[in-house]
Amino acid sequence: MIAAVNYGLIENCHVGEGEINVTSSTAVRLEIDIGGLVGLHLGRIENCTNWATINTDITTSHYILLLVGGIASTVEGANSQIINCTNYGEINAYAIGKGSWNKEIAVGGICGCNSTNSKVDNSANLASVNSTVELLKNNNTAFSFAGGV
């Protein structure tokens with residue numbers, strides 16, 4: 001990973017083979033952003049690649065929002081862009097919900113969440129994207145979204 005939060009320009013950067021592993025077991029509210037290059041992206045990423053595998057194993061009895069992307073977890077803001085980027089790294093997002101709070105997972109080969117007015121252009125995902133939420137209590141609500149790009 002190159003940056004947790006990016007407000008500027010990341011250009012011609014390449015994350016090689018390896019693994020990004022995030023594991024958590026807690027009773028507190030969790031909001032987790034994981035990307036191959038960047039977590040939260042508010043700038044411009046151009047001509048970059050990710051080859052690293054991303055794995056999450058999250059257990060919580062509280063609310064969770066898990067956003068995972070091969071390039072960035074979230075692309076946010078009117079001028080935010082991902083251009084000419086490719087993800088080659090497999091993504092495996094897994095969460096277990098024990099409590100009665102919502103569990104939300106959004107996973108994508110390029111980004112987990114692309115907000116209004118931001119842009120992903122001429123980019124490709126060439127790896128598998130897997131998203132699983134396991135509920136251990138009947139009154140849980142889960143949302144699991146997965147997309148190739």
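## Ile45 and the nonpolar core

Setting aside neighbours within four places in sequence, Ile45 touches Asn6, Ile10, Leu37, Val38, Ile71, Gln81, Ile82, Ile83 and Cys85. These contacts, like everything else reported here, come from a predicted model.

Ile45 also appears in the largest nonpolar core, which has 30 residues. Leu37, Ile45, Leu66, Val68 and Ile82 are the residues with the most contacts inside this core. Two or more core residues are supplied by each of these elements: strand E5 (30–35), E9, strand E10 (64–69), strand E11 (72–75), E14 and strand E15 (103–108). Nonpolar side chains tend to be buried together in soluble globular proteins.

## The four-stranded sheet

Four strands form an open sheet in the order E2-E7-E12-E17, and their pairing is parallel. Strand E2 (9–11) and strand E17 (119–121) are the edge strands, each pairing on one side only. On average, and with direction ignored, neighbouring strands of this sheet are turned by 5 degrees against each other.

Strand E12, residues 81–83, pairs with E17 in the parallel sense over three bridges. Within this pairing, Ile82 has Val120 of E17 as its bridge partner. Ile82 is also one of the residues with the most contacts inside the largest nonpolar core. In general, strands of a sheet pair through backbone hydrogen bonds.

## Glu46 in strand E7

Glu46 belongs to strand E7, which covers residues 44–46. Its relative accessibility is 15%, so Glu46 counts as buried, the cut-off being under 20%. Beyond the neighbours within four places in sequence, Glu46 is in contact with Ile10, Glu11, Asn12, Ile83, Asn84 and Cys85. Ile10, Ile83 and Cys85 are also among the contacts of Ile45.

## Strand E9 and its partners

Six of the eight residues of strand E9 (residues 53–60) are buried, so E9 is largely enclosed by the rest of the structure. E9 pairs in the parallel sense with strand E4 (residues 19–26) over eight bridges. A second parallel pairing, over seven bridges, joins E9 to strand E14 (residues 91–97).

Thr60 takes part in both pairings: Thr60 is the bridge partner of Thr26 in E9, and the bridge partner of Thr60 in E14 is Gly97. E9 and E14 are also among the elements that give two or more residues to the largest nonpolar core.

## Val15 and Leu37

Val15 lies in strand E3 (residues 14–15). With a relative accessibility of 13%, Val15 counts as buried. Val15 and Leu37 are 22 residues apart in sequence, while their C-alpha atoms are 6.9 Å apart in space.

Leaving aside neighbours within four places in sequence, the contacts of Val15 are Ile2, Gly36, Leu37, Thr49, Asn50, Trp51 and Ala52. Leu37 is in contact with Ile45 as well, and Leu37 is listed with the residues that have the most contacts inside the largest nonpolar core.

## Cysteines

The structure holds zero disulfides. For Cys111, the closest cysteine sulfur is that of Cys113; the distance is 7.3 Å, too far for a bond, since a disulfide needs the sulfur atoms within 2.5 Å. Likewise, Cys113 is in no disulfide, and the nearest cysteine sulfur to it is that of Cys111.

The accessibility classes of these two cysteines are as follows. Cys111 has 9% relative accessibility and counts as buried. Cys113 has 30% relative accessibility and counts as partly exposed.

Technical notes
Residues are numbered from 1 along each chain as its sequence is written. This is a predicted model: local features need pLDDT of at least 70, side-chain atom pairs count only at pLDDT 80 or more; totals for chains, interfaces and linings use all residues. Side-chain values use heavy atoms; hydrogens and water are left out. Two strands pair if DSSP finds at least two bridges between them. Axes are lines fitted to C-alpha atoms, for helices over the stretch in contact, and angles run from 0 to 180 degrees between N-to-C directions. Buried means under 20% relative accessible area, exposed over 50%, partly exposed in between (1.4 Å probe, protein chains only). Contact means heavy atoms within 4.5 Å. A nonpolar core is a set of buried Ala, Val, Leu, Ile, Met, Phe, Trp, Tyr and Cys residues joined through side-chain atoms within 4.5 Å.
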